[in-house]
Amino acid sequence: MSIEFFKYQGTGNDFVLIDNRLENFNKKNTKLVAAMCDRKFGIGADGLLLLENHPEADFNMVYYNSDGNLSSMCGNGGRCITHFAMYLGVIKKDATFEAVDGMHHATILNDKISLGMNDVEKVSVFEEYVFLNTGSPHHVQLVSNLDEFNVFSEGRRIRNEVYGRAGANVNFVEQVSDNTFKVRTYERGVEDETLSCGTGVGAVAIAMFETGKTVSQSVCLETPGGTLEVQFQKEGGSYKNIKLIGPAVQVFKGVWE
Ligand SMILES: N[C@@H](CCC[C@H](N)C(=O)O)C(=O)O
C-alpha cells in the first residue's frame, strides 16, 4: 500500500509526518518505520510522527524514533506536527493535542511555533551533571570547547554506561552569555548526534537555571541546527509554564511505495 508522507524539520531535527486520521498506517510495523527513517535506503529522518484523531483534543500525536520504536515526548516533533495540523486544516493558530506524556497546547506565531511542555517537578543535580525529565529523560553536562567535543562517542558511552538499557538523551553544553547556551545532543533511539533536540534544550535551560548558571527564565539555546528559546517559571520547587519556541518547516512531500 502506498503511503503519502511529509518531510519536516525543526532546527534540523527532521521527521517523516503522516496523516493517520483514517487509521491506515500499521502502527506495529517497526521495520517499516525504521526503513522510512533510514538515511541511505529510505526517506531519512530522526523520527516519524503520526497525526491522528482525538475524541476531545484537536489531534493525537504518536512518535517513533528512527530505530522504529515508539518513544517518549519529542519537542521538535511537537512543533512540526502543530504546523502539519495547520497545513491539513485541522487547526488555525492554536492547538491542543495529546502526546505520550499528556496534553499539550501549542500556538503558531508567524514563522515560529510555541509548544507548551509538561511541568518539571524533579531536577537531580550531581557533581558533574544534571538529570531531569522534560517529557523525555535528559542528562545535561557542561563541557569546554563544545565545537571540538566528541558528542558521538562520549554521548553513546554515557547513554549506555550511566543509563543502561532504557538509556537517556545526553546533552553537552557550553555557556555563551548570561542567558545563552550552545547545546549538542546525542539522542537515544537515533543512537547518534542530532542537529537539535527540543526536550533536550528544555532540559538544558532548566538545568542551567537550577544550578545558577543563569538567572533568566527566558533562555536562548544555540544548537547546530538553529536557535530555540525556552521560557518557564519556577514556582516553589517546580518548573511551570514551560514553552519551547522555534521554527518548524515543511521541506517536501512524497509517496512511499
Ligand atoms: N528529538 C526529540 C526527542 C525525541 C525522543 C528521544 N530520542 C527519546 O527517545 O528520548 C525532541 O525534540 O525532544
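This report walks through the ligand site of a predicted model and then visits a handful of residues in the protein around it.

## The ligand and its surroundings

Let's start with the ligand, which sits in the largest cavity. The elements that each give two or more residues to the shell around the ligand are strand E4 (59-65), helix H2 (75-88) and helix H4 (198-210). The shell counts 16 residues, and those that come nearest are Ser71, Gly75, Asn169, Gly198 and Thr199.

Oxygen atoms of the ligand come up against polar atoms of the protein in several places. With Gly198, the partner is a polar backbone atom, at 2.6 Å from a ligand oxygen. With Asn65, an N or O atom in the side chain lies 2.8 Å from an oxygen of the ligand. For Thr199, a side-chain N or O atom is 2.7 Å from a ligand oxygen. How much of the ligand does the protein bury? Taken alone, the ligand exposes 360 Å², and the protein buries 100% of that.

## Met117 and its partners

Met117 belongs to strand E7, which covers residues 112-117. Is Met117 buried or exposed? With a relative accessible area of 10%, under the 20% cut-off, Met117 is buried.

Beyond its neighbours within four places in sequence, Met117 is in contact with Met73, Gly75, His104, Thr134, Thr199, Ile242 and Leu244. Two of these names are familiar from the ligand site: Gly75 and Thr199 are among the residues that come nearest to the ligand. Met117 can also be placed relative to Asn241: the two residues are 124 residues apart along the chain, while their C-alpha atoms are separated by 7.3 Å.

## Ser196, in the loop before H4

Ser196 is found in the loop between strand E13 (192-194) and H4, and H4 is one of the helices that contribute to the ligand shell. Ser196 is buried, its relative accessible area being 2%.

Which side chain does Ser196 join through a polar contact? The partner is Thr11, with a distance of 2.8 Å between the side chains. Thr11 also appears in the list of residues that Ser196 touches, along with Gly10, Asn13, Asn76, Glu187, Thr223 and Leu228; residues up to four places away in sequence are not counted there.

## Leu51, in strand E3

Leu51 has its place in strand E3, residues 47-52. Leu51 counts as buried because its relative accessibility is 0%. Setting aside neighbours within four places in sequence, its contacts are Ile18, Asp19, Asn20, Arg21, Phe59, Asn60, Ile81, Phe84, Ala85 and Leu88.

How many residues separate Leu51 and His139 in sequence? They are 88 residues apart along the chain, and 29 Å lies between their C-alpha atoms.

## Two asparagines with positive phi

Most residues other than glycine have a negative phi. Against that background, Asn145 and Asn241 deserve a look in your viewer. Asn145 has a positive phi of about 55°, and the phi of Asn241 is near 50°, also positive.

Where do these two residues lie? Asn145 is in the loop between strand E10 (137-142) and helix H3 (151-161), whereas Asn241 is part of strand E16, residues 238-246. Asn145 counts as partly exposed because its relative accessibility is 45%. Asn241 is likewise partly exposed, at 42%.

Terms used:
Residues numbered from 1 in each chain as written. Predicted model: local features only at pLDDT ≥ 70, side-chain atom pairs only at ≥ 80, totals over all residues. Heavy atoms only, no water. Helix = DSSP H or I, 4+ residues; strand = E, 2+ residues; numbered from the N terminus. Buried < 20%, exposed > 50% of the residue type's maximum accessible area, 1.4 Å probe, protein only. Contact = heavy atoms within 4.5 Å. Near = heavy atom within 4 Å. Polar contact = N/O pair within 3.5 Å; in protein donor to acceptor, adjacent residues only side chain to side chain. Areas by Shrake-Rupley, 256 points an atom, 1.4 Å probe, with all protein chains shown as cover. 1 Å grid on protein atoms, 1.4 Å probe; cavity = no way out; pocket = protein on both sides within 12 Å on 5 of 7 lines; lining within 4 Å. Sits in = over half its atoms within 2 Å of the grid points.
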